[in-house]
Amino acid sequence: MESWDEGGVRVRIRQMAAGDPGRERFGADSHRYELAPALPEPEIEAFEAAHGIDLPAEYRSFVAQVGNGPAGPGHGLMPLTVPRAEAGEEWAVDDEWEEDRLPGRLAEPFPLTEPLPGRIGAPAVELTRGTLMLAEEGCGSYLRLILNGPRAGEVWRIDPDWGGFVPRSPGFRTWYTEWLQRP
């Protein structure tokens, strides 16, 4: 399993919070620079077994060693195994989270082999099979982790109205580390 410097991540998040007491940075008002506890290995294994998947190593090790959200890019990382504490406030992100957890959905093949830039004509739900929503950026844009196929482990951004469905990062570690390093 890939190893994270859990203490280093937490220190950096505390530094970010100290430098942004008014939570002016995008998404800070949602995630509040807080990390939930890491998930126990049996809970991660149960999630993988229930959905017939193996989580990409970088993401899996993050939730096992660092935390199960929410501090992270966009409006924060979505939790893996339970709805976010604020669920029910009628955010579309909660519907997206629930959709991902429908039986068999995460294990389905990811339907794209190439990026799909620009406005998307197909329903987004048809394109996001085999992906796990990591974070919301607002206005219907989501960051998703590809779970299977040749693109497994990559982080893609879907913006059906304007930006299409395109790679954002080659992996979870790079994507999350870039967020940690942004001023």
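This report describes the strands, one helix, the backbone exceptions and the main pocket of a predicted model.

**The strands**

Strand S1 covers residues 131-138 and runs antiparallel to S2, to which six bridges join it. One of the facing pairs puts Ala135 opposite Leu143 in S2. The two strands make a hairpin, with two residues between them.

Strand S2 covers residues 141-146, and six of its six residues are buried. The cover extends to both faces of the strand. On one side lie Ser141, Leu143 and Leu145, and on the other lie Tyr142, Arg144 and Ile146. Arg144 is thus listed among the buried residues of S2, as is Ser141.

On to the next partner of S2: strand S3, residues 155-159, is joined to S2 by four bridges, and the two run antiparallel. Leu143 stands opposite Arg157 in S3. Leu143 therefore has a residue opposite it in each of two strands, since it also faces Ala135, and by definition strands pair if DSSP finds at least two bridges between them. Four of the five residues of S3 are buried, and this strand is described as mostly covered.

S3 also pairs with strand S4, residues 164-169, in the antiparallel sense, over five bridges. Gly164 in S4 is the bridge partner of Asp159. Four residues make the connection in the hairpin from S3 to S4.

The strand pairs are set out below.

| Strand pair | Sense | Bridges |
|---|---|---|
| S1 and S2 | antiparallel | six |
| S2 and S3 | antiparallel | four |
| S3 and S4 | antiparallel | five |

**Helix H1**

Helix H1 takes in residues 6-18, which is 13 residues. At 1.5 Å a residue the helix should span 18 Å, and its end C-alpha atoms are 18 Å apart, so the two values agree. Which residues of H1 are buried? They are Val9, Ile13 and Met16. Seen down the helix axis, these buried residues fall within an arc of 55 degrees, so they line one face of H1. An α-helix has 3.6 residues a turn, so residues three or four places apart point the same way. The face of H1 turned away from the buried side carries Arg14 and Ala18, which are exposed.

**Backbone exceptions**

Most residues other than glycine have a negative phi, and most peptide bonds are trans. Two residues and one peptide bond are described here against that background.

Tyr33 has a phi near 55 degrees, a positive value in a residue other than glycine. Tyr33 is found in the loop between helix H2 (28-31) and H3. Is Tyr33 buried or exposed? Its relative accessibility is 9%, so Tyr33 counts as buried.

Cys139 is not a glycine either, and has a positive phi of about 55 degrees. Cys139 is found in the loop between S1 and S2, in the turn of their hairpin. With a relative accessibility of 78%, Cys139 counts as exposed because the cut-off for that class is over 50%.

The peptide bond from Gly69 to Pro70 is cis, and its omega is near -10 degrees. Pro70 lies in the loop between helix H4 (57-65) and helix H5 (92-100).

**The largest pocket**

The largest pocket holds about 380 Å³ of space. Its lining consists of 22 residues, of which Arg32, Pro70, Arg84, Ala85 and Glu86 are the closest to its centre. Pro70, which follows the cis bond from Gly69, is thus one of the residues closest to the pocket centre. By class, the lining residues are eleven nonpolar, five polar and six charged.

**Two further residues**

Ala46 belongs to helix H3, residues 41-51. Ala46 is partly exposed, at a relative accessible area of 45%. How far apart in space are Ala46 and Thr81? Their C-alpha atoms are 9.4 Å apart, while in sequence the two are 35 residues apart.

Arg173 is found in helix H7, residues 172-181. Arg173 counts as partly exposed at 24% relative accessibility. Between the C-alpha atoms of Arg173 and Pro21 the separation is 26 Å, and the two residues are 152 apart along the chain.

How values were computed:
Residues are numbered from 1 along each chain as its sequence is written. This is a predicted model: local features need pLDDT of at least 70, side-chain atom pairs count only at pLDDT 80 or more; totals for chains, interfaces and linings use all residues. Side-chain values use heavy atoms; hydrogens and water are left out. On a 1 Å grid over the protein atoms alone, a cavity is a set of points where a 1.4 Å probe fits but cannot get out, and a pocket is an open set with protein on both sides within 12 Å along at least five of seven lines; lining residues have an atom within 4 Å of a point. Grid points are joined across faces, edges and corners, and a volume is the space filled by probe spheres set on the points. Ala, Val, Leu, Ile, Met, Phe, Trp, Tyr, Cys and Pro count as nonpolar, Asp, Glu, Lys and Arg as charged, and the others, Gly among them, as polar. Buried means under 20% relative accessible area, exposed over 50%, partly exposed in between (1.4 Å probe, protein chains only). The expected span of a helix is 1.5 Å times one less than its number of residues. The arc is that of the directions from the helix axis to the C-beta atoms.
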